[in-house]
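Reader: I'm new to this one, and I'd like to learn how to read it. Could you walk me through it step by step?

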Amino acid sequence: MQTNINLYKSIALSLGVMLLGGCIKDEETEPEVRSGFTVVNSFSEAQAVQHRFDAGRGFQPLNQGQGYRGIDFYVVPSCENCKLEIVSSNELAQLVDTAFALQVNKYYTSFLFGTEEVPRHFITEDQVPEGVDDPAAIAALRFFNLAKTTDRVTLHIADAEPIAAFRDRPTETPKTGKDAQEFIPTTHTGTHVLTIRNENGEQLARRTGVALDPGDYLTLFLTGDGGEPAPYYIGVVRHRGIN
Amino acid sequence: MKKLSLIVALVASVALLGSCLRGSDPQPERVGGMTFVNTFIEANGAFYLVDRNTIQGLYPLDYRTYGPSWPVYYPGEGRRLEIYSSYEDARLVDTTFSMQDSVYYSSIVYGTHDDPRHFITEDRIPDGVDDPAAIAAVRFYNLANTERRVTLHIGEIESVAAFRNRPLETPASGKQGEDFIPVAIGNYTVTVVDEEGETVAIRQGTVDLPAGSYTSIFLTGDERDPRTFYVGIVRQWVN
């Protein structure tokens, strides 16, 4: 009889372990509900701006304030109807109030530029160029003119012939920026000196030592107004991820 | 009977397992490695990556310093070395190197953002030296952004040819000048003068060159501000 009781006990124990074991959910994958969101501040008229993001739970600050020429990366909840508000440190003026969709596991970049009178903003989808089999094997670039200038500017990479899309660009509008969101593949990898010239060939800005290796996706942009405290400057966004 | 077999088992296991002890085997000696010297004046510091990994203490390595205190050992071929400036993350160096066992190396970065320069030396005991611990030896580099040709004076010693009228090094001239040249042991005032005989920089205090010391002496600084000229001293590991 004693043996039987022991047997029942061990059966009960193993049964319990087996059944409860099914409740352990460590192995299950987490749902992925994130998007990558880079924010670039090329708005020179304020010391800083603050990005406030609403993924359906009300506006929440992404940062405590981002300085001029700042580039930050955030992982944010994906949402169909995301809202973004950007306020200036000058009297908390609202510069941007926009709505857009962020898809799961995709990467986007927000560019802020312009003036207090006409603040400008656009959001790019950061995609691998079409027809590329191995995104890690190539390098690709795109270029925006976000400066306060009437010049049309051209980006020169070392001594190479400028890429057509990087030639004679006037200051972007939200539309021209969005239209130029494609990264353009290049085989010209290495360490480069970048210069930006206007249509008279005058050099506005220069930057040395820009590393461009296979797998690098960069946004290059001109910012500033050519005076003080915002001289022309070439900004480089190294994208953490692309779709 | 049982007791006896236990004793036999004990003795047998001690005897057999004893052969596993390797206390008297010679241990491989880990020698060799690279010292990184930062004489790149246009930035506060430089960030070093080998095969895209950071090196402790060299992230960043300040201008006019060297490290790590124990040379890092990266055996093998085709190692990628990248050096980035603390200014705008400009890449100064992107090169590959190979490291042999039992050899010490130095990586020296200098120049400007427009013209960053770098070379890697092999730091060896001079040929024909019987007792490396009995001599002192020196090598000299001009790593300053200047067009002047400079000469190293170690106390009153007659300056050897390799220390005379050196223009700003190129990577090739730096590599060629990697040999340490024996000098008399002593305690010296070290100065660097230009071809006119004008003093460019004096090392504060005196420099001790005791027996068994292998020393790189270099001029760093920039002509645009003559106060930046400085005589750097690095005591090197050699083999």
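**Reading the two chains**

Author: Let's start with chain A, which has 2 helices and 16 strands; helices (H or I, at least four residues) and strands (E, at least two) are DSSP runs, numbered from the N terminus. This is a predicted model, where local features need pLDDT of at least 70, side-chain atom pairs count only at pLDDT 80 or more, and totals for chains, interfaces and linings use all residues. Residues are numbered from 1 along each chain as its sequence is written, while chains are lettered from A and ligands numbered from 1 in the order in which they are written.

Reader: What radius of gyration does chain A have?

Author: The radius of gyration is taken over C-alpha atoms, and the globule rule is 2.2 Å times the number of residues to the power 0.38. For a compact globule of 243 residues that comes out near 18 Å, but chain A has 25 Å. Along its principal axes, the C-alpha trace of chain A spans about 105 × 45 × 25 Å.

Reader: Which domains is chain A divided into?

Author: Domain bounds come from an automatic or database domain assignment. Here chain A splits into domain 1 (29-125) and domain 2 (133-243), with their C-alpha centres 21 Å apart. Their contact takes 19 residues from domain 1 of chain A and 22 residues from domain 2 of chain A; two residues are in contact if their C-beta atoms, placed from the backbone, lie within 7 Å.

Reader: Which element gives the most to the domain 1 side in chain A?

Author: That's β9(A), with 5 residues. By class, this side of domain 1 of chain A, the one that touches domain 2 of chain A, has 7 nonpolar, 8 polar and 4 charged residues. Ala, Val, Leu, Ile, Met, Phe, Trp, Tyr, Cys and Pro count as nonpolar, Asp, Glu, Lys and Arg as charged, and the others, Gly among them, as polar.

Reader: Where does the largest nonpolar core lie?

Author: In soluble globular proteins, nonpolar side chains tend to be buried together. A nonpolar core is a set of buried Ala, Val, Leu, Ile, Met, Phe, Trp, Tyr and Cys residues joined through C-beta atoms within 7 Å. A residue is buried if 20 or more other C-beta atoms lie within 10 Å of its own, exposed if 12 or fewer, and partly exposed in between, with C-beta atoms placed from the backbone. The largest core has 50 residues, and A:Leu112 and A:Leu222 have the most contacts inside it. Domain 1 (29-125) and domain 2 (133-243) of chain A both give residues to this core, so it lies between them. Leaving aside neighbours within four places in sequence, A:Leu222 is in contact with residues including A:Val153, A:Ile196 and A:Tyr232. A second, separate core of 49 residues includes B:Leu61 and B:Phe140.

Reader: And how far apart do the domain centres of chain B lie?

Author: The assignment for chain B gives domain 1 (29-123) and domain 2 (128-239), and their C-alpha centres lie 20 Å apart. In chain B, 22 residues of domain 1 are in contact with 19 residues of domain 2. The largest share of the domain 1 side, 6 residues, comes from β9(B).

Reader: How many residues of chain B are in contact with chain A?

Author: 8 residues of chain B are in contact with 5 residues of chain A. On the chain B side, strand β7 (residues 91-99) gives the largest share, 3 residues. The residues of that side of chain B divide into 2 nonpolar, 2 polar and 4 charged.
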